[in-house]
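Me: I'd like to go through this model with you, from its sheets to its helix packing. Let's take it one item at a time.

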Amino acid sequence: MPTPLSTPQALQTFADWVASIRGDEDSEAQTYLNRLLQAWGWADAVEAGTTFERKIPKGSLNGGMGKADALIEATRATVLIEMKSRGKALGPHFPQLQRYWIYLTPKPLYSVLCNFDELWVYDFNQLVDEPLVKLRVADLASQSSSLAFLSKSDQPVHFGLNQIEVTEAQAPSMGELFRRLRKRGEASGAFTALEAQRFVLQCVLSLFAEDRGLLPNLQFTLALDACKGSQSSYDVLGNLFGEMNTPGITPGGQFKGTPYFNAGLFAHIPRLELLSEELDLLSASAEENWQRVRPSIFGNIFEASSDDATRHAHGQHFTSEVDMLQIIRPTIVEPWEERIAQAGSIAELEGLRQALTQYRVCDPACGSGNFLYMGYNAVKDLEVAILQRIDERRTSEAKKDQGVLGLVTPLQFFGMDTSPFAVELARVTLMIARKVANDRLGLTERDLPLDNLDANIRVADALFIPWPEADAYVGNPPFLGGKHMRLNLGDEYVERVFQRFPEVRDSVDFCTYWFRLAQENLKPDGRAGLVATNSIRHGKSRRASLDYIRDKGGHIHSAISTQPWSGEANVHVSIVNWSQEEAGSFRLDGKDVPTINSSLRSSVDVSEAMALRANKGRCFRGVIPVGKGFNVDPATAAEWLAADPRNAEVVKPFSMGTNLAKRPLGQPDRWIIDFNDLTLEVAETYAVPFRQVKDLVRPQRMENRRATTRVNWWRYGEKRPAMREALSPLERFLAVGEVSKWAIFIPCEKEWLPGNKNKVVASDDFYILGLLSSSVHRQWMHAQKGTLKGDIAYTHDSIFETFPFPQIVTPELVQQSRQAMTALNDYRNEVMAARNWGITDLYNAYFHEPASQLAKLHQALDTLVLKAYGWKASEDILSNLLDLNLELAEREAAGEKVVGRVGARLTLPRGPRLPLRSSHNGRSLFVQMAREPWS
């Protein structure tokens with residue numbers, strides 16, 4: 001038996017084999033991947049869990065079904081692989097790979113582009129547009145650790161320092177340089193904080209420019225060396241930056257050959273005399289390869305140089321690139337990909353390319369410009385995709401492979417922010433974006449001079465100025481809870497906001513105003529995508545933003561409902577993409593759905609609702625006797641009561657579900673013996689009823705396996721002491737059959753004993769009855785209900801205890817609601833009595849007849865109940881109820897009582913007890929919960 005090859009030997013054997021084949025994608029890709037996996041110790045691709053031609057919904061350019069060459073799932077990390085034929089450039093196929101990754105669920109950790117000779121390994125959770133490593137198959141034997149995630153063994157995976165690690169290493173040192181300069185400038189008065197900021201940015205741009213070949217001859221590094229010698233940074237760096245701001249090429253002198261950068265960043269040149277430790281920080285940074293520093297370093301510098309108090313006061317939070325992708329793709333990329341896929345001729349493609357040069361993107365809270373940077377790169381990728389398609393359709397070979405000149409420029413991108421430093425960061429980030437894209441995509445357009453973006457990205461408050469006209473608005477507006485706005489932004493500013501948005505004076509998150517303005521600025525074919533704290537899905541913040549978008553004709557087509565924030569901010573966020581045009585498809589939390597509502601749900605899932613402590617102990621299931629011998633027919637009960645009126649204490653009308661639904665006024669049609677918790681000796685004093693229980697119940701109970709049921713044979717199996725205590729002070733109570741067609745609560749006499757087929761609410765207030773009879777409660781009930789055939793099973797836990805009652809209601813509105821319910825109850829009782837109907841008969845006949853008196857009385861009641869909640873009939877009532885439930889549960893968890901809003905107390909006078917048929921008013925039980933729940 002031959003000795004197994006070591007991994008390096010196996011990889012070298014694989015590389016030798018690869019060199020001998022044609023490298024054709026169609027005929028050899030699967031064999032290639034099978035042998036690659038065998039080199040890593042697997043028996044074959046099947047053992048490694050490989051699916052070839054993996055179907056991916058929406059994976060194609062036109063939004064249809066795509067097919068990835070392979071998805072490998074038995075390896076330690078899932079791997080997506082897309083193959084191309086030998087000699088094919090891999091860079092242009094990056095968007096296809098990224099698109100597959102976006103639409104795969106769950107997402108693979110690694111994604112690989114391969115053309116037989118090269119493998120580009122991506123981790124989109126880290127870098128959304130650059131590979132972690134580019135490997136040559138010929139070098140695999142010596143660089144195996146970068147592909148070791150394919151190994152059947154536990155060989156360590158190592159990629160070397162990637163861009164994220166290099167960036168994270170350099171950002172703190174540049175932030176430290178800024179902090180030192182700012183502190184020194186404040187102490188000496190020699191320069192301002194803004195001048196220190198500009199100087200640091202000029203240095204950072206010079207570091208980028210030097211290592212990307214824009215600044216020749218290591219001029220910045222040599223300038224630093226000169227400063228560390230005998231020369232002054234005031235002169236040396238000041239002169240270098242001056243030459244970078246001079247049109248043309250510097251003809252001679254110390255900085256001979258320096259090109260013109262622009263008159264934006266270098267229009268003002270602070271001349272600073274650096275101390276030795278400050279020079280050391282710059283020199284150490286200059287030794288790094290700044291080609292491997294991502295432009296997101298500017299955001300990191302901003303973060304490092306902003307103190308925590310400033311960041312919190314203005315709601316500054318920083319977005320990861322993978323989260324930005326959740327906006328950039330659906331809002332910018334996908335609509336253009338569909339248009340490109342539909343273009344059938346060179347003329348149509350050229351028209352699209354021209355249209356792309358007119359396409360404008362705006363970030364109205366741009367911070368350090370990372371959304372603009374991502375957006376620019378995405379649009380450049382689209383431009384290259386169009387150019388590729390044009391090239392494929394050219395008939396003349398002479399016209400192929402001409403130099404590719406890009407026409408999309410950073411001047412199509414706009415932003416605003418209140419922080420001057422953030423604006424400078426954003427300008428520099430976008431300036432660099434052109435050179436990075438040119439290098440990445442092999443474009444031949446000019447690198448210098450850098451675009452002057454002073455007019456594009458401005459210091460301004462987005463809430464108070466006209467927004468630039470744009471085709472897409474993207475970004476991460478500041479998060480700041482409504483309760484914190486005054487504390488952090490000041491009374492004067494908040495009052496200005498309220499004056500600007502008079503219809504939104506409630507406590508809403510600060511970011512909601514950006515959603516409103518984005519919707520107001522959308523073109524008829526425009527799109528927007530914003531990040532927000534996930535409170536945007538609920539209550540007042542939702543009504544001020546996502547409901548507003550819906551009401552103004554916007555359509556949410558792609559969203560992440562909630563996820564932990566990728567930054568340091570201790571929040572959960574929502575990501576929302578919407579368009580003014582109707583959406584053709586919807587994607588929510590990575591899955592295709594039929595629609596997305598303003599609560600960022602495809603449908604309202606009331607299973608999220610929480611039981612509320614304020615509702616506990618007010619809705620009960622009735623007693624369970626355990627023994628038919630407790631039952632008494634009406635004639636016998638009448639004889640017993642006539643013979644000894646004292647028997648009325650233990651012989652009672654027994655209400656079950658059938659009588660509530662089918663008998664006039666819900667009157668019981670049976671009686672029952674109820675000794676409750678009487679001792680045996682006391683129960684025995686009710687001689688006739690006791691004798692029946694002893695003769696009929698005791699023999700059955702002696703067979704019962706439950707000891708307490710056997711020993712206490714004259715008592716019910718479930719006496720419901722909590723229910724009895726809650727009902728004891730009341731003259732009436734409310735009940736509904738546990739299972740019924742309509743689930744209508746009706747008032748019941750105190751003397752009725754509710755059985756286990758009843759659900760009982762301990763209230764005698766028609767205000768409460770009105771709420772439970774309203775369409776609002778019916779919607780909640782139908783969403784939460786258990787079902788038995790077509791009927792409704794009313795539950796005390798999932799329906800009643802989760803139902804969020806109105807929180808602040810004026811005494812006048814409470815009284816009006818009582819009166820409306822009284823009128824409804826009087827009408828129902830009159831009809832039932834006159835026609836010998838039960839409540840089910842009545843509702844079968846008239847509830848769905850709009851012209852009926854029953855429907856009209858319900859409509860009047862519903863109008864008042866909606867007013868009590870502060871809602872409109874046109875709103876998504878079920879979503880509102882779920883939002884209110886979750887809000888109240890959160891407040892209860894924080895120790896608050898939730899019946900009345902914080903600070904509100906409501907006391908109503910006690911009125912007469914409610915009768916079965918009367919126009920009198922019941923006492924307010926629920927509203928007094930503002931002092932004590934259900935007191």
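Me: In β22, which residue is the bridge partner of Leu734?

Reply: Happy to start there: this is a predicted model, in which local features need pLDDT of at least 70 and side-chain atom pairs count only at pLDDT 80 or more, while totals for chains, interfaces and linings use all residues. Helices (H or I, at least four residues) and strands (E, at least two) are DSSP runs, numbered from the N terminus, and two strands pair if DSSP finds at least two bridges between them. Strand β20 (residues 732–737) runs antiparallel to β22, and four bridges join them. The partner of Leu734 in β22 is Pro747.

Me: Which strands are at the edges of the sheet that holds β20 and β22?

Reply: The sheet is open and its four strands are antiparallel, in the order β16-β24-β20-β22. An edge strand here pairs on one side only. The two are β16 (619–621) and β22 (746–749).

Me: By how much are neighbouring strands of this four-strand sheet turned against each other on average?

Reply: Axes are lines fitted to C-alpha atoms (for helices over the stretch in contact), and angles run from 0 to 180 degrees between N-to-C directions. For this average, though, direction is ignored. The turn between neighbours is 40°.

Me: At roughly what angle do the axes of α27 and α30 cross?

Reply: Helix α27 (residues 766–773) packs on the four-strand sheet, touching β20, β22 and β24 (758–761), where contact means heavy atoms within 4.5 Å. The axes of α27 and α30 (residues 811–835) come within 8 Å. Angles under 35 degrees count as roughly parallel, over 145 as roughly antiparallel, 65 to 115 as roughly perpendicular and the rest as oblique, so α27 and α30 are roughly perpendicular. Their crossing angle is roughly 70°.

Me: How many charged residues are in the contact of α27 with α30?

Reply: From α27 come Phe766, Tyr767, Leu769, Gly770 and Ser773, which meet Val814, Ser817, Arg818, Met821, Thr822 and Asn825 of α30. Ala, Val, Leu, Ile, Met, Phe, Trp, Tyr, Cys and Pro count as nonpolar, Asp, Glu, Lys and Arg as charged, and the others, Gly among them, as polar. The contact has five nonpolar and five polar residues, and the number of charged ones is one.

Me: In which sense do β11 and β13 pair?

Reply: Both strands belong to an open sheet of nine strands with mixed pairing, in the order β9-β8-β7-β10-β11-β13-β12-β14-β15. β9 (457–459) and β15 (591–593) each have a single partner strand, so one side of each lacks a neighbour in the sheet. Thr533 stands opposite Val573 in β13. Over seven bridges, strand β11 (residues 527–533) and strand β13 (residues 572–579) pair in a sense that is antiparallel.

Me: About what angle does α11 make with the direction of β11?

Reply: Residues are numbered from 1 along each chain as its sequence is written, and side-chain values use heavy atoms, with hydrogens and water left out. Helix α11 (residues 321–342) packs on the nine-strand sheet and touches β7 (361–363), β10 (472–475), β11, β12 (555–564) and β13. Its direction makes with that of β11 an angle of about 165°.

Me: Which handedness does the crossing of α5 and α7 have, left or right?

Reply: Helix α5 (residues 193–211) and helix α7 (residues 233–244) have axes 12 Å apart and an angle of about 70°. Phe199, Gln202, Cys203 and Ser206 of α5 make the contact with Leu237, Phe241 and Met244 of α7. A crossing is left-handed if the near helix is turned anticlockwise from the far one by less than a right angle, and right-handed if clockwise. The crossing of α5 and α7 is left-handed.

Me: In which loop is Pro449, joined to Leu448 by a cis peptide bond?

Reply: Most residues other than glycine have a negative phi, and most peptide bonds are trans. The bond between Leu448 and Pro449 is cis, with omega about -5°. Pro449 lies in the loop between α14 and β9.

Me: Over which residues does pLDDT stay under 50?

Reply: pLDDT is the predictor's confidence in each residue, from 0 to 100. The chain's mean is 88, and 90% of its residues reach 70 or more. The model has 109 contacts beyond four places in sequence for the stretch where pLDDT stays under 50, residues 900–935.
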